[in-house]
Amino acid sequence: MEYVICLEDWVLEAVIGILPFERERTQKIKIDGEFSYFKKEGDSFLDYRELRRFFKEAFLREFGLLEEALEYFKSEIPKQFPQIQSYTLKISKLEIFEDCKVAIQVFHNSQQG
């Protein structure tokens, strides 16, 4: 059976961005993700606690571009969670502008590489 674990409206602090003030202090970002995996009887399940821990630890890194963060996840998710078949991940900067949020989203299917 196919299952989808969702991380929604998760706000955390991270150093991410290329503007000088973004390099000096953390800013609030929001993570939204959907992670699809198949589980047959007897297979291990995808532990959402481990998925959350993985992202929390990843954002201790200091990313430049949002794209760099997404490239990191594209590389590391298959290593850490081989059962994930596809995912959608959206990272939003909540404080970059006064009048809007900025976000980037990616869909990745491990079947397509």
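**Exercise 1. The sheet**

Determine the order in which the four strands of the open sheet are arranged in this predicted model, and identify the strands that stand at its edges.

*Solution.*
Step 1. The open sheet is built from four strands, and their order is β1-β2-β3-β4. The pairing is antiparallel.
Step 2. β1 (2-14) and β4 each have a single partner strand, so both stand at the edges and one side of each lacks a neighbour in the sheet.
Step 3. On average, neighbouring strands of this sheet are turned by 10° against each other, with direction ignored.

**Exercise 2. The β2-β3 pair and the helices**

Describe how strands β2 and β3 pair, and state which strands helix α2 and helix α3 touch.

*Solution.*
Step 1. Nine bridges join strand β2 (residues 27-38) to strand β3 (residues 84-93) in the antiparallel sense.
Step 2. Opposite Y37 stands I84 in β3.
Step 3. Helix α2 (residues 48-58) packs on the sheet and touches β1, β2 and β3. The direction of α2 makes about 35° with that of β1.
Step 4. Helix α3 (residues 66-80) also packs on the sheet, where it touches β2, β3 and β4. The direction of α3 makes about 160° with that of β3.

**Exercise 3. Residue N109**

Locate N109, decide whether N109 is buried or exposed, and list the residues that N109 touches.

*Solution.*
Step 1. N109 lies in strand β4, which spans residues 102-109.
Step 2. The relative accessibility of N109 is 19%. Buried means under 20%, so N109 counts as buried.
Step 3. Leaving aside residues up to four places away in sequence, N109 touches Q85 and S86.

Terms used
Residues numbered from 1 in each chain as written. Predicted model: local features only at pLDDT ≥ 70, side-chain atom pairs only at ≥ 80, totals over all residues. Heavy atoms only, no water. Helix = DSSP H or I, 4+ residues; strand = E, 2+ residues; numbered from the N terminus. Buried < 20%, exposed > 50% of the residue type's maximum accessible area, 1.4 Å probe, protein only. Contact = heavy atoms within 4.5 Å. Pairing = 2+ DSSP bridges. Axes fitted to C-alpha atoms, helices over the stretch in contact; angles between N-to-C directions.
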